[in-house]
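Thanks for sharing this one. Here are my notes, set out as numbered points so that you can go through them with the structure open.

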Amino acid sequence: MKEKILRKLFLGFMQIHILYHAKHEPIYGTWMMKELEEHGYTISPGTLYPLLNRMEKEDLLCKTEKNVDGRIIKFYRTTELGEEILKEAIEKATELTHEIRE
């Protein structure tokens with residue numbers, strides 16, 4: 001039960017990470033999985049890729065495809081809406097962080 005609740009909570013944190021990194025440079029799935037692992041998150045391709053697709057459908061990310069060494073790689077960037085959502089998420093996270101440290 002605890003793991004399920006934490007997983008749901010951490011999924012939101014992971015989305016903030018995705019929006020943040022995709023704002024600064026195009027990201028792709030394998031790189032993002034490694035980046036999230038560096039922050040202590042464990043995510044499988046079976047979770048990450050549907051999450052990226054959902055975020056694209058919600059207009060938080062836009063996707064471009066590039067041929068890299070004969071493989072098609074999907075790169076994601078944060079959209080204008082994604083940047084607005086990221087800004088609000090950062091404000092709320094900052095407020096919460098200050099509150100729980102008091």
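1. F10 is a good place to begin: its relative accessible area is 30%, so it counts as partly exposed. Please keep in mind here, and in every point below, that this is a predicted model. F10 belongs to helix 1, which covers residues 2-24. Together with L6, L9 and F13, F10 makes a nonpolar surface patch of about 320 Å².

2. Stepping back to the overall layout, the protein chain has four helices and two strands. Their order along the sequence is α-α-α-β-β-α. A box of roughly 55 × 30 × 25 Å, taken along the principal axes, holds the C-alpha atoms. Of the 102 residues, 26% count as buried.

3. You may want to view the UniProt annotation alongside the model. The record, an unreviewed entry, lists residues 18-87 as "domain: Transcription regulator PadR N-terminal". In the model, that span is 54% helix and 23% strand, and its end C-alpha atoms lie 13 Å apart.

4. Which residue does E56 form a salt bridge with? The partner is K63, and the closest N and O atoms of the pair are 3.7 Å apart. In general, side chains of opposite charge can pair when their charged atoms come close. The structure holds one salt bridge.

5. Are the two residues of that pair buried or partly exposed? E56 has a relative accessibility of 25%, and buried would mean under 20%, so E56 counts as partly exposed. K63 is also in the partly exposed class, because its relative accessibility is 30%.

6. Charge also shows up on the surface elsewhere. E80, E83, E84, E88 and E91 form a negative surface patch. One of these residues, E88, sits in helix 4, which runs over residues 80-101.

7. My last point concerns a loop. S44 lies between helix 2 (29-38) and helix 3 (45-57), in the loop that links them. With a relative accessible area of 33%, S44 falls between the cut-offs of 20% for buried and 50% for exposed, and is therefore partly exposed. How far apart are the C-alpha atoms of S44 and T30? They are separated by 9.9 Å, while the two residues are 14 residues apart along the chain.

Technical notes. Residues numbered from 1 in each chain as written. Predicted model: local features only at pLDDT ≥ 70, side-chain atom pairs only at ≥ 80, totals over all residues. Heavy atoms only, no water. Patch = residues over 30% accessible without salt bridge, like charges linked within 9 Å, V, L, I, M, F, W, Y side chains within 5 Å. Areas by Shrake-Rupley, 256 points an atom, 1.4 Å probe, with all protein chains shown as cover. Salt bridge = Lys/Arg side-chain N within 4 Å of Asp/Glu carboxyl O. Buried < 20%, exposed > 50% of the residue type's maximum accessible area, 1.4 Å probe, protein only. Lys, Arg positive; Asp, Glu negative; His and termini not counted. Charge placed at Lys NZ, Arg CZ, Asp CG, Glu CD. UniProt positions renumbered as here; feature names shortened; annotations may be inferred.
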